[in-house]
Amino acid sequence: MDSSMIDSVLSKSTYTRNESAEVVAELSRILSPDSDLTHNQLLAKKTTLRVGGPADCFVKPASESDLCKTVAFCLNNRIPWTVIGRGSNLLIRDGGIAGVVIQLSKPNFQYIHVSSDNPLHLICGAGARLKNIANFARDASLAGFEFLEGIPGVLGGALRMNAGAMGSEIFNLVHSVRVLQPNTEIVDLSVDQISYRYRSCAMLSRGIAVGATLAGVAGSRDDIEEKMKSSNAKRWSSQPTAPSAGCTFKNPDTIPAGKLIDQLGLKGLAVGDASVSDVHGNFIINNGGASASEFLNLIEKIRSSARLNHGIELETEIQIIGEPQ
Ligand code: EPU
């Protein structure tokens, strides 16, 4: 079954949100007791932007086997499912997410180790924090991973988004990705079998990355440490520390989105508790109690100003998912 067939199966879904307690009960019979299941999990706590309504059924599978069982159960019962990483690039609408939300954050998905076949390769789980991968690589004197230090996500989300910073992106490091394919088989795909571009890897919108082998180059620990410190300093001086989902828009070809928003005079523009950061124009921040609809409203105001004043159609980089309230 390929992803278009899955979309077709899910388009015929008859799932309604009032069946969610039964879905949780059924999954708890199928999965091992080490997997975590929560009914009506509030997702605001699972995102760095701190907004979003509840997930009907929130699953943290304990193993690849439980992950496969979860997806197979959803497919067989035509229940929609969504995978989230650390929620650092997500804007979840106030109505939350219908169906099953899966997060690969249990210890079995957080592994990071040096390959026994190649000392320049790190084998990492989708739930490994990028910061931990950067620190591990530094301690193993492996260069190339320094830019990951400041990205507040996990590997799975970074692969899905081809996350980047400091002139590099995750697919510059990828040797292979371990993917749960839409037919619920897990395969290792080499990087030349995967297409990706700036801030996107489309095959991972339905396929689920469960891990990856990342290739570095031999380096000196001191040089790596120095590079990590300088990227950290650059980030602290140019990006806000308030809750955000990172850059809101992809950079258009002609001008960085942050520079454009700055030039449009939109820094500080607010809708309720959501506002454009005064530090960096491409960050929108939560000043405390913002709702998703306030963020969506603010995003539309920015897009409309860019369109009216410069004819530029800004495309969101953050992923906007879930149901309206
Ligand atoms: N700029 C302004 N005003 C602003 C913000 C930026 O004039 O308010 C100017 C800067 O002075 C610079 C240019 O715009 O000349 C680009 O800014 P910056 O160096 O901050 O980089 P960016 O293109 O805005 C990209 C990534 C970031 C990544 C940084 C650092 C995208 C959409 N953004 O930002 O990634 O951290 O480079 O490497 O590609 C993310 O993906 O979530 C993200 C934050």
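Okay, a definition before anything else: when I say helix or strand, I mean a DSSP run, numbered from the N terminus, with at least four residues for a helix and at least two for a strand. With that in hand I can place my opening residue, L264, which sits in the loop between helix 7 and strand 15. And please keep in mind that what you have in front of you is a predicted model.

So, L264. Is L264 buried or exposed? Buried means under 20% relative accessible area, and L264 comes in at 18%, so it counts as buried. Who is in contact with L264, if we skip the neighbours within four places in sequence? That would be S305, A306, N309 and H310. One more number here: L264 and I320 are 56 residues apart along the chain, and their C-alpha atoms are separated by 24 Å.

Those contacts lead us to helix 8, so let's go there. Helix 8 runs over residues 292-310, which is 19 residues. Here's a check you can do yourselves: at 1.5 Å a residue, helix 8 should span 27 Å, and its end C-alpha atoms are 27 Å apart, so the two agree. Now, which residues of helix 8 are buried? They are A292, F295, L298, I299, I302, R303, S305 and A306. Look down the axis of helix 8 and these buried residues fall within an arc of 160°, so they line one face of the helix. What do they pack against? Quite a list: strand 4 (90-92), helix 7 (257-263), strand 15 (270-271), strand 16 (274-276), strand 17 (284-286) and strand 18 (319-321). And just after helix 8, you find G311 with a positive phi of about 65°.

Let's pick one residue from strand 17, namely N286. N286 has a relative accessibility of 5%, so it counts as buried. A polar atom of the N286 side chain lies 3.1 Å from the backbone nitrogen of A290. Beyond the neighbours within four places in sequence, N286 is in contact with L49, R50, V51, P243 and D273, and also with F295, which you just met as a buried residue of helix 8.

Next stop, helix 2, residues 20-30. Its buried residues are S20, V23, V24 and L27. Viewed down the axis of helix 2, they fall within an arc of 100°, so again they line one face. Turn to the face away from that buried side and you get the exposed residues E22 and R29. The cover over the buried residues of helix 2 includes strand 1 (36-42), strand 2 (54-60), helix 3 (64-76) and strand 5 (97-103). Zoom in on S20: its relative accessible area is 6%, so S20 is buried. S20 touches Y15, H39 and D56, leaving out residues up to four places away in sequence.

On to helix 4, residues 130-139, where the buried ones are L130, I133, A134, A137 and R138. Down the axis of helix 4, those fall within an arc of 135°, so they line one face too. Among the elements covering them are strand 6 (112-114), strand 7 (121-125) and helix 5 (155-161). Just after helix 4, S141 takes a positive phi of about 55°.

Strand 6 is where I112 lies. I112 has a relative accessible area of 18%, so it is buried. Not counting residues up to four places away, I112 touches L122, I123, C124, A128, N132, I133 and F136; I133 is one of the buried residues of helix 4. The C-alpha atoms of I112 and G246, 134 residues apart along the chain, are separated by 25 Å.

Last topic: the ligand. How many residues surround the ligand? There are 21, and the closest are M166, Y198, C247, N251 and D262. A backbone N or O atom of M166 lies 2.5 Å from a ligand oxygen atom. For C247, a backbone N or O atom lies 2.8 Å from an oxygen atom of the ligand. E317 uses its side chain instead, with a polar atom 3.3 Å from a ligand oxygen. On its own the ligand has 820 Å² of accessible area, and the protein covers 73% of that. Two elements give two or more residues to the shell around the ligand, strand 9 (164-165) and helix 7. Helix 7 has the largest share, with three residues.

That's my tour, thanks for listening!

Note on methods: Residues are numbered from 1 along each chain as its sequence is written. This is a predicted model: local features need pLDDT of at least 70, side-chain atom pairs count only at pLDDT 80 or more; totals for chains, interfaces and linings use all residues. Side-chain values use heavy atoms; hydrogens and water are left out. The expected span of a helix is 1.5 Å times one less than its number of residues. Buried means under 20% relative accessible area, exposed over 50%, partly exposed in between (1.4 Å probe, protein chains only). The arc is that of the directions from the helix axis to the C-beta atoms. Contact means heavy atoms within 4.5 Å. A residue is near a molecule or strand if one of its heavy atoms lies within 4 Å of it. A polar contact is a pair of N or O atoms within 3.5 Å; within protein, one must be able to donate a hydrogen and the other to accept it, and residues adjacent in sequence count only if both atoms are side-chain atoms. Accessible areas come from the Shrake-Rupley method with a 1.4 Å probe; for residues, only the protein chains shown count as cover.
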